[in-house]
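The report below reads one structure through its contacts, its charged pairs and its strands. Please keep the sequence and the model at hand while reading.

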Amino acid sequence: VTFPGNVTCSGTATGFGGGNVKYTTSSRVDLNGVAVAEFTVPANCFSLWLTIRDLSRASTSNVSVLVQAGGSYVSSGYKFTSGYIESAGNTWLASEANDSHWHFLGGLTGAGHTMEGQFEMKKFEDHAWTHSWIGADMSSNRQSLSSGYIPLSSELQKVKVTSSSGNFDDGAITAHFLELL
């Protein structure tokens, strides 16, 4: 479902104290020539997702997500499992008990390797968040996936997508937020 602009929905949310829910979306961030896309998370946000389109790199790189709480980016405690399935029947699955970021795509190489997908985060208790990722590398017919969680010491403030080496050479990201009013 695509929502135009900012939409406020009437209704009652459960599990977070009830109230009205507001949907907002960020401006699309063009990734051509940048290594980081950063988004400020609205107050009382309980669900967000990043829509990633046509992402590519000129050199081999891993793509990661980091979160900010308490004024700085969290550098440990990201728990997740990630993997991929290729059309040729090759599979890979890695279980990461604790890392410095959420890794959701590895070895993205060259402009011909274009990736699309959606990275979702949901608040499941006070300051703890889960994530899920599903994406596709269009040139290698590889489907990638990841899921995990992170407990934070305070409210989530920002989310950033980053390349492990150098800049992205194409693509765009849009952030979408649901917040309790």
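Leaving aside residues up to four places away in sequence, Ser 163 touches Ala 35, Arg 57, Ser 61, Asn 62 and Phe 168. The residue belongs to strand β14, which covers residues 156-163, and in this predicted model Ser 163 is buried, with a relative accessible area of 9%. That value places Ser 163 in the buried class because it falls under the 20% limit.

**Confidence**

How far the coordinates can be trusted is best settled before the details. The mean pLDDT of the chain is 81, and 80% of its residues reach 70 or more. Among the elements of the chain, the lowest mean pLDDT, 45, belongs to strand β1 (residues 7-9), and the highest, 96, to strand β7 (residues 72-73). Over residues 6-16 the pLDDT is below 50, although this stretch has 22 contacts in the model beyond near neighbours in sequence. Where pLDDT is low, predicted coordinates should not be read in detail.

**Salt bridges**

A search of the whole structure finds three salt bridges, which are set out here with the distance between their closest N and O atoms.

| Lysine | Glutamate | Closest N and O atoms |
|---|---|---|
| Lys 158 | Glu 38 | 3.8 Å |
| Lys 122 | Glu 120 | 3.5 Å |
| Lys 123 | Glu 155 | 3.4 Å |

The pair of Glu 38 and Lys 158 links distant parts of the chain, since Glu 38 lies in strand β4 (residues 36-40) and Lys 158 in strand β14, 120 residues apart. Glu 38 is partly exposed at a relative accessible area of 41%, and Lys 158, at 24% relative accessibility, also counts as partly exposed.

Which parts of the chain does the pair of Lys 123 and Glu 155 tie together? Lys 123 is in strand β11 (residues 115-125), whereas Glu 155 is in the loop between β13 (142-151) and β14, so the salt bridge joins parts that are 32 residues apart in sequence. Is Lys 123 buried or exposed? Lys 123 is buried, with a relative accessible area of 16%, while its partner Glu 155 is partly exposed, with a relative accessible area of 38%.

In the remaining pair, Lys 122 counts as partly exposed at 37% relative accessibility, and Glu 120 likewise counts as partly exposed, at 25%.

**Strand β13 and its partners**

The side chains alternate along β13: Arg 142, Ser 144, Ser 146, Gly 148 and Ile 150 point to one face and are buried, while Gln 143, Leu 145, Ser 147, Tyr 149 and Pro 151 point to the other face and are not buried.

Strand β8 (residues 78-86) runs antiparallel to β13 and is joined to it by eight bridges, with Gly 83 standing opposite Leu 145 of β13. Strand β12 (residues 128-137) also runs antiparallel to β13, and here ten bridges join the two strands; in this pairing Thr 130 stands opposite Tyr 149 of β13. The two β13 residues named in these pairings, Leu 145 and Tyr 149, both belong to the face whose side chains are not buried.

**Aromatic rings**

The structure holds three aromatic pairs. In one of them, the rings of Tyr 78 and Trp 102 have their centres 5.4 Å apart and their planes at 80°, so the pair is edge-to-face. This pair, too, links distant parts of the chain, with Tyr 78 in strand β8 and Trp 102 in strand β10 (residues 102-108), 24 residues apart. Both Tyr 78 and Trp 102 are buried, and together with Phe 119 they form one aromatic cluster.

A further ring has a charged partner: Lys 160 lies over the face of Tyr 73, at 4.3 Å from the ring centre.

**Backbone angles**

Where along the chain is Asn 44 placed? Asn 44 sits in the loop between β4 and β5 (45-57), and its phi is near 65°, a positive value in a residue other than glycine. Asp 54, by contrast, is found in strand β5, and its phi is near 55°, again a positive value in a residue other than glycine. At 37% relative accessibility, Asp 54 counts as partly exposed.

Terms used: Residues numbered from 1 in each chain as written. Heavy atoms only, no water. Helix = DSSP H or I, 4+ residues; strand = E, 2+ residues; numbered from the N terminus. Buried < 20%, exposed > 50% of the residue type's maximum accessible area, 1.4 Å probe, protein only. Contact = heavy atoms within 4.5 Å. pLDDT = per-residue confidence, 0-100. Salt bridge = Lys/Arg side-chain N within 4 Å of Asp/Glu carboxyl O. Pairing = 2+ DSSP bridges. Phe/Tyr/Trp six-rings, centres within 6.5 Å; stacked < 30°, edge-to-face > 60°. Lys NZ or Arg CZ within 6 Å of the ring centre and 35° of its normal.
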